[in-house]
Amino acid sequence: MLNHPISIFLDTNIFISQKYDFSDTKNSDFNNLVKMVNDGKIKLYISQIVEHEVKKHIKEDIFEIFKEVKKSRNIVLKKIAKNYLQTSVLSHLFSFDNLTENDILEEIISKFDKFLKDSEASKLDCEDIDPQQIIVDYMNSNPPFENKEKKKYEFPDAFMIAKLKKICSKESPIYVITKDKGFKEAIKSVTGLEGKFDNLKDVFDLINRENEIYNEIKEFLSNSTHTTEIFEKLKEEIKDKLESNSIEVDGMRYDRKGICGGFEYEDTEIENVDINNFEFKSVDIITDDEVIVSVGVNTLILVICSFLDEENSIWDPEEKEYMFSTWKNIKEKHEVDINCELTFSIVNSDEKNQKRDYELENIDVDLANLMLNEDTKIDEEEILEE
């Protein structure tokens, strides 16, 4: 049994990997975290360093986004008149004429500040940290300074780790949520600091294991009849999402010196999607009415990729366009793991015996970080013209 509330510490990279999703939607991990804080299940720690770093990253990301949006807008304006854009279906894509980077920045930072308030986050300072041991670790390349080329950038982590060591105890451990391997290495032998988690869903799963529904839903997922039904729905949903989204396929091959071959694809088309299996990852949310489960879906994607065959095309230097162009198609097969969230409604099929059943209500497919490239490709063949 866990002693509630359990203490967790969030590193900067968790906020970045979550893409600052401070929305109040039910599948937002930060929103779920706030609910668990309010239910007395979690106590949240962050450091002043993390708060500063997150705001710094938000600013950098908003600058990059704003730059890319303006670039895209300028490309469109070269093809379509501005007056028409203001009245066409494209208008909503470029309705930020009066917006500035600061407008967007202030909105996201205000949501971040609200999250810290709503989650009752305890902010750790560095006022009582003795820097002597940190200097020794730096000179001896001890974690988190093991990367000698970049070790000077690890001082913020070193101060955070020193602070966490001061406040943790065997009786009240702190779960450090981070994707940073150096951070994990630095705390692995510290009693009272647990660094096995690299996302919030792992924490939610740990807490939800104490609910009897946890084992029921896992057993439900392992039932062959239910598995077949879920397989088909997953396949259909993933295929629909892949076809309706522009999936990037990198046809280039790389070695340690850079590009060493391959093709620069101009167009891609999904031909077929199949799945091998799905793997249970975590139970994220349990309410009176529903259960949300995360699964990893091993997916096979067959994609047709087109590229310009420059060697067999004719370029007109005066018109600066091809007089004659030849295109080639490559069929590639890729194997990837796609993260999905399954939402089940809880049904009392036998109210007399209080037996629960579960009905799949929704599938949320995460394609945000999907990239098909040389690492995911398992087969390819050129499609010859008939």
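Where in the chain is Y20 found? Y20 sits in the loop between α1 and α2, and its backbone is one of the details picked out below. Please keep in mind that this is a predicted model. The protein has 386 residues, of which 40% are buried, and its fold holds 11 helices and 14 strands.

**Overall picture**
- Among contacts between residues at least 6 apart in sequence, 69% link residues at least 24 apart.
- About 23,300 Å² of the protein's surface is accessible, and carbon and sulfur atoms account for 45% of that area.

**The nonpolar cores**
- The largest nonpolar core has 49 residues, and the members touching the most others are I8, F9, L10, F15, L33, I42 and F115.
- Helix α5, spanning residues 101-118, supplies the largest share of this core, with 6 residues.
- A second core, separate from this one, has 40 residues, including I247, F344, I346 and L360.
- As a general point, nonpolar side chains in soluble globular proteins tend to be buried together.
- Returning to F115, which residues does F115 touch, not counting those up to four places away in sequence? Its partners are F15, F22, F30, L33, V34 and L44.

**Two buried residues and their neighbours**
- V203 belongs to helix α9, residues 200-208, and counts as buried because its relative accessibility is 0%, under the 20% cut-off.
- Setting aside residues up to four places away in sequence, V203 touches I6, I8, I42, I177 and F197.
- Of these partners, I177 is 26 residues from V203 along the chain, and the C-alpha atoms of the two are 8.6 Å apart.
- S47 lies in strand β2, which covers residues 42-47.
- With a relative accessible area of 3%, S47 is buried too.
- Beyond its neighbours within four places in sequence, S47 contacts F9, L124 and M160.

**Helix α10 against helix α11**
- Helix α10 (residues 212-222) packs on helix α11 (residues 224-244) at an angle of about 75°, and their axes are 5 Å apart.
- Why is α10 described as roughly perpendicular to α11? The angle of about 75° falls in the range from 65 to 115 degrees, so the pair counts as roughly perpendicular.
- On the α10 side, the contact is made by F220, L221 and S222; on the α11 side, S224, H226, T227 and I230 take part.
- Sorted by class, this contact has 3 nonpolar residues, 4 polar ones and no charged ones.

**Backbone details worth a look**
- H4 and P5 are joined by a cis peptide bond, with omega about 0°.
- P5 is in the segment before β1, the strand at 6-10.
- K19 is not a glycine, yet has a positive phi of about 60°.
- K19 is placed in the loop between α1 (12-17) and α2 (29-38).
- Y20, also not a glycine, has a positive phi of about 55°, and is found in the loop between α1 and α2.
- Is K19 buried or partly exposed? At 46% relative accessibility, K19 is partly exposed, whereas Y20, at 14%, counts as buried.

Notes. Residues are numbered from 1 along each chain as its sequence is written. This is a predicted model: local features need pLDDT of at least 70, side-chain atom pairs count only at pLDDT 80 or more; totals for chains, interfaces and linings use all residues. Side-chain values use heavy atoms; hydrogens and water are left out. A nonpolar core is a set of buried Ala, Val, Leu, Ile, Met, Phe, Trp, Tyr and Cys residues joined through side-chain atoms within 4.5 Å. Buried means under 20% relative accessible area, exposed over 50%, partly exposed in between (1.4 Å probe, protein chains only). Helices (H or I, at least four residues) and strands (E, at least two) are DSSP runs, numbered from the N terminus. Contact means heavy atoms within 4.5 Å. Axes are lines fitted to C-alpha atoms, for helices over the stretch in contact, and angles run from 0 to 180 degrees between N-to-C directions. Angles under 35 degrees count as roughly parallel, over 145 as roughly antiparallel, 65 to 115 as roughly perpendicular and the rest as oblique. Ala, Val, Leu, Ile, Met, Phe, Trp, Tyr, Cys and Pro count as nonpolar, Asp, Glu, Lys and Arg as charged, and the others, Gly among them, as polar. Accessible areas come from the Shrake-Rupley method with a 1.4 Å probe; for residues, only the protein chains shown count as cover.
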